[in-house]
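Thank you for asking me to look over this model. My notes follow as numbered points, beginning with the packing of the interior and then turning to a helix and the disulfides.

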Amino acid sequence: MKWEDFRSSGNVEDRRGMGMPGGAGGLGIGTIIVVGLVGWALGINPLVLLSGLESLQGGGSGYEQSAQPQGKQGAPSDQLGRFASTVLAQTEDVWTDIFRQQGRTYKDPTMVLFSGATRSACGGASSAMGPFYCPLDQKVYLDLTFFQEMKTRFRAPGDFANAYVIAHEVGHHVQNLIGILPKVQEAQRAAGNRAEANALSVRVELMADCFAGVWANHANERFRILEPGDVEEALNAASAIGDDRLQKQSQGTVVPDSFTHGTSQQRVTWFTRGLKTGSMQQCNTLQGAI
């Protein structure tokens with residue numbers, strides 16, 4: 001993936017090395033929602049954390065904005081930090097254009113880089129959760145060591161695979177801006193059981209995958225970022241973090257009712273749809289559900 005010669009985003013808050021004041025804190029299960037890429041894949045039970053489902057509740061976790069540490073503002077200077085901020089900048093450019101074409105105004109999210117643990121408006125955050133988006137403060141939280149986990153644990157290395165991770169979380173921000181997340185929150189509260197709520201979470205995650213593909217389509221058209229093998233890297237990453245594969249690896253069995261992010265095939269399918277069409281309208285995974 002070509003990225004070194006493009007601008008970096010200043011919408012970055014670097015908290016690396018700061019830790020979390022007051023300890024890790026509780027997650028407030030049932031009120032915090034963490035929209036993570038893998039969440040439980042790093043050893044957290046999905047039935048406890050409901051990764052990818054919690055942030056949709058949006059009700060807050062008791063943590064105030066003032067309790068959050070304040071990191072260094074602006075584009076980082078280290079290699080991984082520059083990469084993340086450059087991908088963020090490209091999501092800003094692409095989504096600003098797409099929103100403008102629709103008569104909307106895109107509001108840039110902030111990317112918080114942290115190490116180990118930090119706080120968000122959605123509650124405590126740790127590296128074990130994986131990357132996530134908090135709709136209450138409109139920030140993407142990312143411990144850059146996750147990219148090493150992608151390479152070693154999930155066997156999904158590569159710059160474009162890592163860019164897909166960031167674009168997926170920004171996809172949740174897009175969902176928030178266009179009002180999808182509040183609607184899903186309401187539908188989840190009305191759901192009759194956990195399986196129904198999980199099914200809605202899957203639809204939200206697959207839409208974010210599709211939006212990541214839409215970003216890739218437009219970013220390549222505008223910046224020519226793709227190199228041979230890049231698309232395969234992203235598809236490999238999408239496949240590697242499917243619920244069915246992760247459950248099979250971690251517990252030896254697959255429990256579809258507990259899925260929160262979608263199967264490997266579903267994730268690949270929806271990312272590919274966004275990549276090929278470049279159209280948000282082709283990403284409606286929630287049709288008939290809300």
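**Notes on the predicted model**

1. Leaving aside neighbours within four places in sequence, Phe 160 is in contact with Met 1, Trp 215, Ala 216, Ile 225, Leu 226, Asp 230, Val 231, Glu 233, Ala 234 and Phe 271. Please keep in mind, here and below, that this is a predicted model.

2. Phe 160 also belongs to the largest nonpolar core, which has 62 residues, and together with Met 1, Trp 95, Tyr 164 and Trp 215 it is listed as touching the most other members. The element that gives the most to this core is helix α6, residues 194–223, with 13 residues. There is also a second, separate core of nine residues, among them Cys 122, Ala 125, Met 129 and Phe 132.

3. Does the length of helix α2 agree or disagree with the expected span? The helix runs over residues 79–101 and so has 23 residues, which at 1.5 Å a residue should span 33 Å; the C-alpha atoms at its ends are 33 Å apart, and the two values therefore agree. After α2 comes Gly 103, whose phi is positive, near 75 degrees.

4. The count of disulfides comes to two, and, with bonded cysteines counted along the chain, they follow the pattern 1-2, 3-4. As a reminder, a disulfide is a covalent bond between the sulfur atoms of two cysteines.

5. One disulfide joins Cys 122 to Cys 134, with an S to S distance of 2.1 Å, and this link is right-handed, with 90 degrees about the S-S bond. The pair links distant parts of the chain, 12 residues apart: Cys 122 is in the loop between β5 (117–120) and β6 (123–126), whereas Cys 134 is in strand β7, residues 132–134. Cys 122 counts as buried because its relative accessibility is 4%, under the 20% cut-off, and Cys 134, at 0%, likewise counts as buried.

6. Cys 210 and Cys 283 form a disulfide in which the sulfur atoms are 2.0 Å apart. The torsion about their S-S bond is about -70 degrees, so this disulfide is left-handed. Because Cys 210 lies in helix α6 and Cys 283 in the segment after α9 (264–277), the pair ties together parts that are 73 residues apart in sequence. Cys 210 counts as buried at 0% relative accessibility, and Cys 283 is buried too, with a relative accessible area of 1%.

7. Helix α6 thus comes up twice in these notes, since it gives the most residues to the largest nonpolar core and also holds Cys 210.

Note on methods. Residues numbered from 1 in each chain as written. Predicted model: local features only at pLDDT ≥ 70, side-chain atom pairs only at ≥ 80, totals over all residues. Heavy atoms only, no water. Core = buried A, V, L, I, M, F, W, Y, C linked by side-chain atoms within 4.5 Å. Buried < 20%, exposed > 50% of the residue type's maximum accessible area, 1.4 Å probe, protein only. Helix = DSSP H or I, 4+ residues; strand = E, 2+ residues; numbered from the N terminus. Contact = heavy atoms within 4.5 Å. Expected span 1.5 Å × (residues − 1). Disulfide = S-S within 2.5 Å.
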